[in-house]
Amino acid sequence: MSAQIKAFLRESILYPLLHPIYKFLLYFYDILRTFLFTIFPTLGLSSYNSMQIKEYKNYSNNFNNAMELCVGNFQAHEAYPYEKYLMERYKGERKIALDFACGMGRMMNRFMDLFDKVDGVDLSLENITYAKQYLEENGHSEHKFDLYQSTGMGVSIDKKDYYDFIFSTIALQHISVYEIRKSIFKDLLSLLKPGGSCCFQMGFGWDNGNYWFSNKYTARSTNGGDDVSIPDDSHLAGIKKTLKISVSKMLNLKWNYHLTQKWEIIITLFGYLFTLTNNS
Ligand SMILES: C[S@@+](CC[C@H](N)C(=O)[O-])C[C@H]1O[C@@H](n2cnc3c(N)ncnc32)[C@H](O)[C@@H]1O
């Protein structure tokens, strides 16, 4: 439903009556879609993928929104020592790195001094364009990076055994279809040089009923709306088994969210950093 129609209905005196009816119909529509997607998972995959592409196009419809809506809390993220945690256990070569779901290039920019070359991949063409702009504005020569647009269903880079190190921040928890994450991990591992490592950040410590192995094909939003949650340690054994994770490390993030001038809410987020190793 378009934003104008939503705004019009919200203003209407019939809203208190219409809203519960709308929610009720939506509920049944979702049951139908869940049923359909269980029988035909490929339809579910393509429905979820179209939603993600559309949503990220909206989040990143200009450079400022790419920073403040797509990344969000930009300054808080920039103040956080991601490199320290992502690289803590990495002992390999510092030649070529890949930022999966690089957005507008925030973390690529930070990794440029740590590696000879830092590539980025993202499903959003808008973000890819802004990443190029952001990196050039920050003085990085175009020989120092390559940017790729992916389909959103995998990684879409044809460079087997190429990267020393692959990382990802505040992105994988937004992909709430397990089959897609599985295909992404498979692709990422094939891109790693033998002995290379991949380290990414996931949300941890909260429970929205949507877990690691769920395929939430019916999700209506991404980038926070329908995230994957890993509520506690008991969920980790199964995850570790499927990913063959060799090391895991707790990361605590504590942020202050200033909602209005009057209200401040302090949210403590927990994340696990998983290290995957290509032992081939
Ligand atoms: C919150 S932003 C984070 C950007 C960047 N990693 C950072 O830390 O600043 C999430 C990014 O993940 C990307 N993304 C989400 N789902 C994706 C998928 N299935 N494949 C590739 N990129 C995806 C989005 O386009 C967006 O740029």
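**How the labels were earned**

Author: Let's open on helix α8 (residues 125-137), home to both Glu 136 and Lys 132, which are 4 residues apart, about one turn of the helix. Helices are DSSP runs of H or I, at least four residues, and strands are runs of E, at least two, numbered from the N terminus. This is a predicted model, where local features need pLDDT of at least 70, side-chain atom pairs count only at pLDDT 80 or more, and totals for chains, interfaces and linings use all residues. Residues are numbered from 1 along each chain as its sequence is written, and side-chain values use heavy atoms, with hydrogens and water left out.

Reader: What makes Glu 136 and Lys 132 a salt bridge?

Author: The rule asks for a side-chain nitrogen of Lys or Arg within 4 Å of a carboxyl oxygen of Asp or Glu. Glu 136 and Lys 132 come in at 3.0 Å, N to O, so the pair qualifies.

Reader: And why are Glu 136 and Lys 132 called partly exposed?

Author: Buried is under 20% relative accessible area, exposed is over 50%, and partly exposed is in between (1.4 Å probe, protein chains only). Glu 136 has 35% and Lys 132 has 38%, so both land in the middle class.

Reader: How do you know that Glu 179 and Lys 182 are bridged too?

Author: Their closest N and O atoms are 3.5 Å apart, so the 4 Å limit is met. Both residues lie in helix α9, 3 residues apart, about one turn of the helix. Glu 179 is partly exposed at 31%, and Lys 182 gets that label at 39%.

Reader: What about Lys 160 and Asp 161: what makes that a salt bridge?

Author: The closest N and O atoms are 3.8 Å apart, so the pair passes the 4 Å test. Lys 160, at 65%, is over the 50% line and therefore exposed, whereas Asp 161, at 35%, is partly exposed.

Reader: How many salt bridges does the rule give, and which residues form a network?

Author: The count comes to 14. Glu 78, Glu 83, Arg 106 and Arg 110 are linked in a network.

Reader: Arg 106 turns up at the ligand as well. What makes a residue part of the shell there?

Author: One of its heavy atoms has to lie within 4 Å of the ligand. That gives 22 residues, with Ala 101, Arg 106, Asp 122, Asn 127 and Thr 169 the closest. Helices α3 (41-59), α4 (63-71) and α7 each supply at least two. Sorted by type, the shell holds 11 nonpolar, 9 polar and 2 charged residues. Here Asp, Glu, Lys and Arg count as charged, Ala, Val, Leu, Ile, Met, Phe, Trp, Tyr, Cys and Pro as nonpolar, and the others, Gly among them, as polar.

Reader: How do you know that Asp 122 makes a polar contact with the ligand?

Author: For a ligand, a polar contact is a pair of N or O atoms within 3.5 Å. An N or O atom of the Asp 122 side chain is 2.5 Å from a ligand oxygen, so the pair counts. Ligand nitrogen atoms are reached by backbone N or O atoms too: 2.7 Å for Ala 101 and 3.3 Å for Leu 123. On its own the ligand exposes 590 Å², and the protein buries 100% of that. Such areas come from the Shrake-Rupley method with a 1.4 Å probe.

Reader: What makes the phi of Ala 101 worth a mention?

Author: Most residues other than glycine have a negative phi. Ala 101 has a positive one, about 60°, in the loop between β1 (96-100) and α7 (106-111). Ile 170 also has a positive phi, near 35°, and is found in the loop between β4 (163-168) and α9 (178-191).

Reader: Why is Ala 101 called partly exposed and Ile 170 buried?

Author: The 20% line falls between them: Ala 101 has 21%, so it is partly exposed, while Ile 170 has 18% and is therefore buried.

Reader: How do you know that Cys 199 is buried?

Author: Cys 199 has a relative accessible area of 3%, so it is under the 20% limit. It is found in strand β5 (residues 192-204). Its C-alpha is 5.9 Å from that of Leu 86, 113 residues away along the chain.

Definitions and conventions. Polar contact = N/O pair within 3.5 Å; in protein donor to acceptor, adjacent residues only side chain to side chain.
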